[in-house]
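Biologist: Could you walk me through the terms you use for this model? I'd like each label set against its cut-off.

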Amino acid sequence: MTILLEMKEIHKVYPNGTAANRGIDLTVREGEIHALVGENGAGKSTLMKILFGLEAPTSGTIAYRGSPLKLQGPRDAIRQGMGMVHQHFMLAPSLTVAENIVLGDELRRGPLSMFRDQLKEQDEIRKLIETYGLKVDPLEKVEHIPVGQKQRVEILKVLYRGAKLIILDEPTAVLTPQETDELFHSIKALIGQGHTIIFITHKLREVMEISDRVTVLRAGKTIATLETKNTNQEEISRLMVGRDVLFSVEKRPAEPKDTVLSVRRLNAVNEKGAPVLRDVSLEIRQGEILGIAGVEGNGQTELVEVLTGLHPASSGEALYFGENLIGKSVAEIRAMKVGHVPEDRQTSGACLTSSIAENLILDHYRNPEFTWGPFIHKKKMKEFAKVMMQLFDVRAASEEAMAGSLSGGNLQKVVIARELSKNPKLLIASQPTRGVDIGAIEFIHREIVKRRDGGAAVLLVSAELSEVMSLSDRIAVIYNGEIVAVLDNDESLTEQEIGYYMLGVKKQQKEVAAP
Amino acid sequence: MLNAIWNQIVDLTIVVVLFRFMTPILLAALGGLISDIAGVINISLEGLMLLSAFTSIAVCSGTGSWALGIAAGAAVAVAVSYAIGFFSIRLKVDIIIAGFAVNIFGSGFTIFMMNKMYGQAGNYSPPDLHNIPNVNIPFLEHVPVIGKLLSGHSLMVWAAFILVAFCVALIYKTPYGVHLRAVGEAPDAAKSVGIPVRRVQYSALAWSGLFAGLAGAYLSTGMTSMFVKDMTAGTGFLALAVVLLGNRNPIGILIGSFIFGLASAVTTIVQTIPGSQYPTQFIQMIPYVVTILALVFFALRKKRRHALAV
């Protein structure tokens, strides 16, 4: 096989002194699916920015099709036949699929014409759709199509620009298992048509499933490039993290006791008045983890917000040790020993412009332990913070460092530390490991299981089905604001099975957890 | 009194007055629209109109050419819009604050210059000003109804209507229009396919300056023949309301301008009727009351539509 791309000894030092890439080698062969893996901050995105012309390397060489590559910007990269499908969709919602695909390369009615030739554009797009089997309606507005199709639009976008080398940046992060299967199908079709794929991911299972070779980055350096068929998940993760990582969460079978939270016929509407929760009924008991599976945007966020007092319910009740949480304020609910790890640590989980120590006592500062008259007892706060940072392995310069300066994983540990330090009887954890690297995921999972074993009830919401499956004792599937199934998480339960419920294809017949 | 209004409707005077009033609103709103869809909403339309109104009447009376007057007014408005772009896009000043600064500057600076150049404090009306001409259509002007409907309007009235069509074509039919919308809605997406986001935003601001400039020039050298301090009297803000009310598209804006123009026309007609028993202060409130009502209506409709959409 010929070598398509060769990046050698790539170094990138940013003006502020951060060395993001410290000697990366990446060799991609023509026609292969090359997985690129590494923890957050390992240098993947910087490397791809360099390859795509968004950043210039400090040193190092790039050869593409055997000749050295000098890029001034993304346009150059596109002209060279590279295309990038970004992790966050780069689409304008109110434009049509066709307009998004041709954006920046519109066809005109003639060489001198001012006007777009929309018919010709649509023809070209239909041809592409046919060739690659990426089904999507070119005339539909992007805001009206589901996530899986949006991704197809992104792929069509790079194909329209004639990309031969396609970079997929964590393409499965937002997809259901079925959509992921379809994506993999499309990727294989692309390879069949002579394209080459660089596949960036966190999920090692996907690496094993689809890639031909895998390059592992750690701390800005290439650690190894392996033939996928000669390696396994354990080896790759060891290379990524630099030590052994436990994959499956070690936990004993649950020993559920008294009911902690009993949600009955809960309904809620969003700010536009549309229903987002429909008759949700759930039970969570001491010593068990109830996982909520579902495609994002099906009511998980609102369910958590209603239970924590952030969003009003229109009817129904949520009995917490017999006391209704609905109608209580956030502070009242928190005072009842309900811990909440919000889904977005940047906006609602932590205050980025405060110090780590301040963030750690955000829920405890009224506690006499931390006050001195009307003031906060700084010394006690700092002592507490130091202990917490050690317990939860928060890596930062000091407890006075700004929370905003922490990496995603460390910031999440701060949030988790705060919520667990109150010894919650009910822990509501929303996306607890989103965007967190493998080492930290393992740690956070262990902490959550530890709380369960200590007798807390845990409500876990995650877009990662694998996370829900590995942590939960029972799994409730939410679809369109409705709990469509409550399943015992045992060996017989498969991702496919849950996937059907997530997509609304299947629904448990009998009324779930009737009040 | 109703009788008097009815007479004006029947003899189509109201149409003439309506066109006069809606033209500056329409022009300014088109400018606001282009800046809004590119995500750089230009709230300084008011100030730009004042600057242009003063510049164009000064140049027009100095050179005797209305065309030069319009050109100078528009040029000043475009230049100031570029300055807003420089501050907001390049130096990252909040665009609302930059726009407000221009509104305050436009009011103060024109009064200052009027005083310095002409020694006038309240208004400046040059003798024998060569106004923007009216278009009298031969033959048609003598046909009873159609004549009054189509003939005798200022050139700028026609320009405004033509510019509506121009904006439709620009926004929906050209690649540039798609780029404008993409830049306003998803700048990262635009950037990722190599669209020069900043340049598009600068150009959108320039368009808004051009349109606001035309609107301002019409105020001083078309609709009237003088410059009065703060003569825009909120037209620029009204235009911003029209952008929202018109659902951010040129045709909607045409309709919105029509409604506001009508409100102003009624105000004027009622005021000029001799022996009106209503206090003028109340009559003059009509356009602003219409603005509030229209925005409330718009908000309700939007809410209902959202509820229906899900």
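What follows is a short back-and-forth on labels and the values behind them.

Modeller: Ground rules: this is a predicted model, where local features need pLDDT of at least 70, side-chain atom pairs count only at pLDDT 80 or more, and totals for chains, interfaces and linings use all residues. Residues are numbered from 1 along each chain as its sequence is written, with chains lettered from A and ligands numbered from 1 in the order in which they are written.

Biologist: What makes chain A as compact as a globular protein of its length?

Modeller: Chain A has 17 helices and 22 strands; helices are DSSP runs of H or I with at least four residues, strands are runs of E with at least two, and both are numbered from the N terminus. The radius of gyration of chain A is 25 Å, and the globule rule gives 24 Å for 515 residues, which is close, so the label holds. That radius is taken over C-alpha atoms, and the rule is 2.2 Å times the number of residues to the power 0.38. Along the principal axes, the C-alpha atoms of chain A fill a box of roughly 70 × 50 × 50 Å.

Biologist: How do you know that the residues of α14(A) are 'mostly covered'?

Modeller: By counting neighbours: a residue is buried with 20 or more other C-beta atoms within 10 Å of its own, exposed with 12 or fewer, and partly exposed in between, the C-beta atoms being placed from the backbone. In α14(A), 12 of the 13 residues are buried, so by that definition the helix is mostly covered. Among the buried ones are L411(A), V414(A), V415(A) and I416(A), along with K413(A), R418(A) and E419(A). The cover includes β16 (338-341), α13 (378-391) and α15 (438-453) of chain A. For the whole of chain A, buried residues make up 44% of the 515.

Biologist: And how do you know that the length of α14 agrees with what a helix should span?

Modeller: The expected span is 1.5 Å times one less than the number of residues. Helix α14 (residues 408-420) of chain A has 13 residues and should span 18 Å, and its end C-alpha atoms are 18 Å apart, so the two agree. Chain B offers another case in helix α3 (residues 45-63): its 19 residues reach 26 Å, close to the expected 27 Å. This α3(B) is mostly covered too, with 17 of its 19 residues buried. Just after α3(B), G64(B) takes a positive phi of about 80°.

Biologist: Why is E9(A) called partly exposed?

Modeller: E9(A) has 14 other C-beta atoms within 10 Å, so it lands in the partly exposed class. E9(A) is found in strand β1 of chain A, and its phi is near 50°, a positive value in a residue other than glycine. Over in chain B, N247(B) also has 14 C-beta neighbours inside 10 Å, and therefore counts as partly exposed. N247(B) lies in the loop between α11 (235-245) and α12 (250-272) of chain B, and has a positive phi of about 60° without being a glycine.

Biologist: What makes β2 and β5 of chain A edge strands?

Modeller: Two strands pair if DSSP finds at least two bridges between them. On that basis, four strands of chain A form an open antiparallel sheet in the order β2-β1-β4-β5. β2 (19-29) and β5 (67-68) each have a single partner strand, so one side of each is left without a neighbour in the sheet. Inside this sheet, five bridges join β1 (residues 3-13) to β4 (residues 59-64), with L5(A) opposite Y64(A).

Biologist: How do you know that β11 of chain A pairs with β12?

Modeller: Seven bridges join β11 (residues 259-269) to β12 (residues 275-285) in the antiparallel sense, against a minimum of two, so they pair. L261(A) has I284(A) as its bridge partner. In their hairpin, with five residues between the strands, G273(A) takes a positive phi near 90°. β11(A) also pairs with β14 (residues 315-320) over five antiparallel bridges.

Biologist: What makes residues of chains A and B count as being in contact?

Modeller: Two residues qualify if their C-beta atoms, placed from the backbone, lie within 7 Å. The contact takes 21 residues from chain A and 17 residues from chain B. Helix α2 (residues 74-79) of chain A supplies the largest share of the chain A side, three residues.
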